[in-house]
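Please explain how this protein is put together, beginning with the pairing of its strands and moving on to its interior.

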Amino acid sequence: MIELRSDPYVLKPRLAPPTESDFRVHLNIGWCRGVLFNVVALKNSVAIVEYDAILWSEDSIMFVEYKDSVAAYKGLSARRIQQMDSLAKNIARGLGYRRYCFVIVVKDLQEVTSRGGVDVIPLYMLGSYEPAFLSTYSELDYLEKLMAKYTREEKPEFVKDLEKLKKMIETGLA
């Protein structure tokens, strides 16, 4: 059995429910280097979150939650979705990925929506879904915002210093 560690998390496979066969058929794996299905994340040996698929490439990782009905999706609170997204970001960062994405896929959903700040897409659109990756490093995101702010304020020398700092951080992450 494969087990991935991302302190303090341990990722382990779980049994696949038979209701997920449609989900697997529609999943676009052309962009990724690997896939794990039905993964439970444990913290201190306690299950805290389950993902129906985790897909990864060289520097990006995508976590997918699948719901086999709109009713099952509606039973998922926005707070829980935000927790799952936050845990995905922490796990991705712990595994060394710079970018991550968490998406919810719902069978029989009619249109793309968002809940808890997370993309929610219909199952039929999964095959053509282009992940919108976010940075696992909030510090780099903040630097980007500062650079945009000081660019608008026409302070090029300050932007130049921030760009140097960003490159130094990114070099340290590589």
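K67 in strand β5 has V106 in β6 as its bridge partner. Strand β5 covers residues 60–67, strand β6 covers residues 99–106, and the two run parallel, joined by eight bridges. Two strands are taken as paired if DSSP finds at least two bridges between them; helices (H or I, at least four residues) and strands (E, at least two) are DSSP runs, numbered from the N terminus. The model is a predicted one, in which local features need pLDDT of at least 70 and side-chain atom pairs count only at pLDDT 80 or more, while totals for chains, interfaces and linings use all residues. Residues are numbered from 1 along each chain as its sequence is written, and side-chain values use heavy atoms, with hydrogens and water left out.

Strand β5 also pairs with β4 (residues 46–56), to which it runs antiparallel through four bridges. Within this pair, L55 is matched with M62 of β5, and three residues lie between the two strands of the hairpin. Another hairpin is formed by β1 and β2, with two residues between them. Strand β1 (residues 4–6) runs antiparallel to β2 and is joined to it by three bridges, R5 having V10 as its partner in β2. Strand β2 is in turn joined to β3 by five bridges, again in antiparallel fashion, with P13 opposite V39 in β3.

How enclosed is strand β5? Eight of its eight residues are buried, so the strand is largely enclosed by the rest of the structure. Here buried means under 20% relative accessible area, exposed means over 50%, and partly exposed lies in between (1.4 Å probe, protein chains only). Both faces are covered, with S60, M62, V64 and Y66 buried on one side and I61, F63, E65 and K67 buried on the other. E65 counts as buried because its relative accessibility is 8%. Leaving out residues up to four places away in sequence, E65 touches E50, Y51, D52, M84, F102, V103, I104 and V105, where contact means heavy atoms within 4.5 Å.

In soluble globular proteins, nonpolar side chains tend to be buried together. A nonpolar core is defined as a set of buried Ala, Val, Leu, Ile, Met, Phe, Trp, Tyr and Cys residues joined through side-chain atoms within 4.5 Å. The largest such core has 26 residues, of which Y51, I54, I61, F63, I91, F102 and I104 touch the most other members. Two or more residues come from each of β2 (9–13), β3 (34–43), β4, β5, α3 (78–95), β6 and β8 (118–122). Helix α3 gives the most, with six residues. Apart from this core lies another of 16 residues, among them M62, V64, L123 and Y129.

M62 also belongs to the lining of the largest cavity, together with L27, N28, W31, L126, Y129 and P131. A cavity is a set of points on a 1 Å grid over the protein atoms alone where a 1.4 Å probe fits but cannot get out, and lining residues have an atom within 4 Å of a point. One cavity of 30 Å³ or more is counted, and the largest has a volume of about 40 Å³. Its lining comprises six nonpolar residues, one polar and no charged. P131, in the loop between β8 and β9 (134–135), counts as buried because its relative accessibility is 17%. Beyond four places in sequence, P131 touches W31, M62 and C101.

Conventions
On a 1 Å grid over the protein atoms alone, a cavity is a set of points where a 1.4 Å probe fits but cannot get out, and a pocket is an open set with protein on both sides within 12 Å along at least five of seven lines; lining residues have an atom within 4 Å of a point. Grid points are joined across faces, edges and corners, and a volume is the space filled by probe spheres set on the points. Ala, Val, Leu, Ile, Met, Phe, Trp, Tyr, Cys and Pro count as nonpolar, Asp, Glu, Lys and Arg as charged, and the others, Gly among them, as polar.
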